[in-house]
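Could you walk me through this protein as if I were seeing a structure like it for the very first time? I'd like to follow it from the overall layout down to single residues.

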Amino acid sequence: MWLVLLALMVSLPATGATAVEGDEPASEAVDGAAKRSAAAATIDQIIETPLSVRKSREQAQRAVNELSRDIQDLKQSVVVLNKDLRVLEEDLLFPANTRLSVFLSLNVGEFFRLEGVELKVDGETVTSYLYSDREREALAKGGMHRLHLGNLSAGEHTLSAFFIGAGPNGREYKRGSTLRFTKGQGPKYVELSVADSEARQQPEFAVREW
């Protein structure tokens, strides 16, 4: 019997130790849950207030405004660069000493509606152009159209312009005008002018030098 009691007394501490060891994982789980809860509480506290939202929007708007200004500046630089390149190209392709420029002006509305122009230099067609409604409106407001830009040697030359459109009462109208001129050293400018004549009740066409 003493042997049985002794065996029971020896076995009891082992059982208790097992129970204590089993409590350790449960304690770690509790600590982990507490940490997660604390982190969640901290995140919940990090929210955007109306003031922070307004500041964020103001910063975003300033960034957009600065970007818009940069884009406009870039566009303006591109326009200036294209203009400079066009001038440089013209100087290379059409040197001043051989350049011929022909412009067209329009001051009509009652007796003539311009539709197109054919331009000949020394009997050879150099330009044929048809005008749109928007182009006619721009010309009627005082604009000028550079109809032709080319090279021409010094000496005697003939320029002929043929105007096509609708005359009085809407009838088809075609008229021509010729200019004989001398091309010297330096650029030459010629204007084709179309205007209503109140006295003659019909359009007048002229070709003149500048």
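Here is a walk through the model, from the whole chain to some of its details.

One thing to keep in mind from the start is that this is a predicted model. The chain has 210 residues, and 26% of them are buried. Its surface comes to about 14900 Å², with carbon and sulfur atoms supplying 56% of that. If you count up the secondary structure, you get three helices and eight strands. Starting at the N terminus, the order is α-α-β-β-β-α-β-β-β-β-β. You can also ask how far along the sequence the contacts reach: taking contacts between residues at least 6 apart in sequence, 64% join residues at least 24 apart.

Now let's look inside. The largest nonpolar core has 25 residues, and the ones touching the most other members are Leu-104, Phe-112, Leu-114, Val-117, Leu-159, Phe-163 and Leu-192. Which strands supply at least two residues each to this core? They are E1 (99-107), E2 (113-121), E5 (155-166), E6 (172-183), E7 (188-197) and E8 (202-209). Phe-112 is a nice residue to zoom in on. Setting aside its neighbours within four places in sequence, Phe-112 is in contact with ten residues' worth of surroundings that include Phe-163, Ile-164, Tyr-173, Val-194, Pro-203 and Phe-205. The list for Phe-112 also includes Gly-165, Ala-166, Gly-167 and Asp-196.

Next, see how some of the strands pair up. E2 and E3 (residues 124-130) run antiparallel and are paired over six bridges. One of the matched pairs here is Val-121 with Glu-124, the latter sitting in E3. The two strands form a hairpin with two residues between them, and Asp-122 has a positive phi near 55° there. A second antiparallel pair is E5 and E6, joined by twelve bridges. Here Glu-156 stands opposite Thr-182 of E6. This pair also makes a hairpin, with five residues between the strands, and Asn-169 in the turn has a positive phi of about 65°. While you're looking at strands, here's a handy general point: in a regular strand, side chains alternate between the two faces of the sheet.

Strand E4 (residues 144-151) is where you'll find Gly-150. Is Gly-150 buried or exposed? Gly-150 is buried, because its relative accessible area is 6%, and the cut-off for buried is under 20%. Leaving out residues up to four places away in sequence, Gly-150 touches Phe-94, Thr-98, Arg-99 and Leu-100. Take Leu-100: the two residues are 50 apart in sequence, yet their C-alpha atoms are 5.2 Å apart in space.

Time for some charges. The whole structure contains five salt bridges, and a few of them link up in an interesting way. Start with Glu-115, which forms a salt bridge with Arg-113, with 3.7 Å between the closest N and O atoms. Both partners are partly exposed: Glu-115 has a relative accessibility of 35%, and Arg-113 has 39%. Arg-113 also meets Asp-133 in a salt bridge, at 3.0 Å from N to O. Arg-113 belongs to strand E2 and Asp-133 to helix H3 (residues 133-140), so this pair ties together parts that lie 20 residues apart in sequence. Asp-133 is partly exposed as well, at 45% relative accessibility.

Asp-133 has a further partner, Arg-136, and the N to O distance in that salt bridge is 2.4 Å. These two residues are three apart in helix H3, which means about one helical turn separates them. With a relative accessibility of 12%, Arg-136 counts as buried. Put these salt bridges together and, through shared partners, Arg-113, Glu-115, Asp-133 and Arg-136 make up one network.

Finally, let's go to the outside. Where would you look for a nonpolar patch on the surface? Try Leu-81, Leu-85, Leu-88, Leu-92 and Leu-93, which form one with about 510 Å² of accessible area together. Leu-92 lies in helix H2, which covers residues 50-93. Leu-92 counts as exposed because its relative accessibility is 65%, and the cut-off for exposed is over 50%. So the walk ends with a leucine that is exposed at 65%, after passing a glycine that is buried at 6%.

Technical notes:
Residues are numbered from 1 along each chain as its sequence is written. This is a predicted model: local features need pLDDT of at least 70, side-chain atom pairs count only at pLDDT 80 or more; totals for chains, interfaces and linings use all residues. Side-chain values use heavy atoms; hydrogens and water are left out. A nonpolar core is a set of buried Ala, Val, Leu, Ile, Met, Phe, Trp, Tyr and Cys residues joined through side-chain atoms within 4.5 Å. Buried means under 20% relative accessible area, exposed over 50%, partly exposed in between (1.4 Å probe, protein chains only). Helices (H or I, at least four residues) and strands (E, at least two) are DSSP runs, numbered from the N terminus. Contact means heavy atoms within 4.5 Å. Accessible areas come from the Shrake-Rupley method with a 1.4 Å probe; for residues, only the protein chains shown count as cover. Patches are made of residues with over 30% relative accessible area and no salt bridge: like charges are joined within 9 Å, nonpolar side chains (Val, Leu, Ile, Met, Phe, Trp, Tyr) within 5 Å. A salt bridge is a side-chain nitrogen of Lys or Arg within 4 Å of a carboxyl oxygen of Asp or Glu. Two strands pair if DSSP finds at least two bridges between them.
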